[in-house]
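Work through the exercises below with the model open. Try each task before you read its solution.

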Amino acid sequence: LGDILAWVPYAAKFAKKHSCEVHCFTASKDLFAEQDGVKFFNFGADSGEIYQASYRIGYFMSDEWYNNIPKKANLLSLQQVPAEILGLDFEHIRPELKINDKTRKIKNKYVCIATQSTAQCKYWNNENGWNDVVKYLNKLGYEVWCIDKHKDFGKLPNLNRMPVGSIDKTGDIPLSERMIQIAGAEFFIGLGSGLSWLAWSLNKPVVLISGFSKPFAEFDTPYRVFNENVCNGCWNDDSLRFDPSNWFWCPRNKNFECSTQITPEMVIEK
């Protein structure tokens with residue numbers, strides 16, 4: 001999801017620069033508003049067109065893809081990847097999204113959070129972190145909606161559970177509904193993951209917690225939480241190679257110090 005949201009604004013920028021029409025094939029085509037020079041298709045669809053050039057949306061880290069990007073992806077901001085591949089100047093650009101219903105009225109003020117990810121290094125691994133932040137927000141009068149797909153996720157002994165005190169909005173919910181939930185929230189707290197990118201794309205304030213990645217790796221937010229005084233940034237270390245088959249990948253064997261040493265107080269301050 002993050003890759004797609006990062007790429008689509010650059011498709012529009014490419015179309016404008018070259019006065020051409022760009023077709024984007026994505027599983028999330030209904031997220032995006034119609035815009036000049038860009039048409040969206042479901043991934044795998046046949047548009048019936050013959051193309052002058054084609055580019056594959058992605059974040060290319062494996063050896064077979066290194067030749068398809070001028071600079072190594074892990075040394076760049078995610079949005080710099082399409083900028084480099086498409087030969088465009090880099091800037092942070094939000095995609096134009098299509099929300100079907102912005103008018104839903106919610107009685108209580110609420111905050112959206114997303115705590116789950118696809119590898120343990122990407123989590124906020126502070127044992128009390130999420131629970132303390134949710135408790136603090138509840139005291140301020142906010143409901144806290146957990147909008148992850150999974151209520152519990154991971155591998156034993158690190159089964160990551162929904163924070164205590166949050167309202168269970170988890171499930172395999174369409175992204176169109178997630179957008180409405182995020183749009184109605186006061187702000188969003190998450191990790192370096194797709195739902196954080198979705199909240200940022202909706203122009204919501206995003207508190208982003210990550211230690212395995214450097215702050216330059218994601219979108220620009222003044223609410224980035226990072227502890228530079230401990231081991232950090234393995235994702236953006238060119239001497240290391242992420243192993244997606246190893247759920248507990250921590251290449252410097254620091255027991256996820258990068259995020260265990262991000263305290264609830266650091267997040268609450270943001």
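**Exercise 1. Enclosed and open space**

How many cavities of 30 Å³ or more does the structure hold? Then find the residues that line the largest cavity and the largest pocket.

Solution. Remember that this is a predicted model.
- Step 1: count. The structure holds one cavity of 30 Å³ or more.
- Step 2: take its volume. The largest cavity has about 80 Å³ of space.
- Step 3: list the lining. It has 14 residues, and Cys231, Cys234, Cys250, Pro251 and Cys258 lie nearest the centre of the cavity.
- Step 4: turn to the open space. The largest pocket has about 1000 Å³. Its lining has 37 residues, with Ser117, Thr118, Gly192, Ser193 and Gly194 closest to the centre.
- Step 5: assign elements. Helix 1, helix 4 (175-183) and helix 5 each give two or more residues to this lining. Helix 5 gives the most, with three residues.

**Exercise 2. Helix 1**

Check the span of helix 1 (residues 2-18) against the value expected for its 17 residues. Then say what its buried residues pack against.

Solution.
- Step 1: compute the expected span. At 1.5 Å a residue, helix 1 should span 24 Å.
- Step 2: compare. The end C-alpha atoms of helix 1 are 25 Å apart, so the two values agree.
- Step 3: count the covered positions. Twelve of the 17 residues are buried, so helix 1 is mostly covered. Among them are Trp7, Tyr10 and Phe14.
- Step 4: find the partners. The buried residues of helix 1 pack against strand 1 (22-26), strand 2 (38-42), helix 2 (80-86) and helix 5 (194-201).
- Step 5: look just past the end. Ser19 takes a positive phi of about 50° there.

**Exercise 3. Aromatic rings**

Classify the pair formed by Trp124 and Trp130. Then locate an aromatic cluster and a charge over a ring.

Solution.
- Step 1: know what to read off. A pair of aromatic rings is described by the distance of the centres and the angle of the planes.
- Step 2: get the total. The count comes to 16 aromatic pairs.
- Step 3: classify. The rings of Trp124 and Trp130 are 5.3 Å apart, centre to centre, with 70° between the planes. An angle over 60 degrees counts as edge-to-face, and this pair is edge-to-face.
- Step 4: check burial. Trp124 and Trp130 are both buried.
- Step 5: find the cluster. One is formed by Tyr59, Phe212, Trp235, Phe242 and Trp249.
- Step 6: find the charge. The charged end of Lys169 sits over the ring of Trp145, 4.3 Å from the ring centre.

**Exercise 4. Loop residues**

Is Lys71 buried, partly exposed or exposed? Then examine the backbone at Pro157, Asn253 and Asn255.

Solution.
- Step 1: place Lys71. It lies in the loop between strand 2 and helix 2.
- Step 2: classify Lys71. Its relative accessibility is 45%, so it counts as partly exposed.
- Step 3: list contacts. Beyond its neighbours within four places in sequence, Lys71 is in contact with Leu76 and Glu84.
- Step 4: read the peptide bond. From Leu156 to Pro157 it is cis, with omega near 5°. Pro157 is in the loop between strand 5 (152-155) and strand 6 (158-161).
- Step 5: read phi. Asn253 has a positive phi of about 55°, and phi of Asn255 is near 55°. Neither residue is a glycine.
- Step 6: place both. Asn253 is in the loop between strand 10 (224-225) and helix 6 (257-260), and so is Asn255.
- Step 7: check exposure. Asn253 is exposed at 69% relative accessible area, and Asn255 is exposed at 62%.

Note on methods:
Residues are numbered from 1 along each chain as its sequence is written. This is a predicted model: local features need pLDDT of at least 70, side-chain atom pairs count only at pLDDT 80 or more; totals for chains, interfaces and linings use all residues. Side-chain values use heavy atoms; hydrogens and water are left out. Rings of Phe, Tyr and Trp (its six-membered ring) pair if their centres lie within 6.5 Å; planes under 30 degrees apart count as stacked, over 60 as edge-to-face and the rest as tilted. Buried means under 20% relative accessible area, exposed over 50%, partly exposed in between (1.4 Å probe, protein chains only). A charge sits over a ring if NZ of Lys or CZ of Arg is within 6 Å of the ring centre and within 35 degrees of the ring normal. Helices (H or I, at least four residues) and strands (E, at least two) are DSSP runs, numbered from the N terminus. The expected span of a helix is 1.5 Å times one less than its number of residues. Contact means heavy atoms within 4.5 Å. On a 1 Å grid over the protein atoms alone, a cavity is a set of points where a 1.4 Å probe fits but cannot get out, and a pocket is an open set with protein on both sides within 12 Å along at least five of seven lines; lining residues have an atom within 4 Å of a point. Grid points are joined across faces, edges and corners, and a volume is the space filled by probe spheres set on the points.
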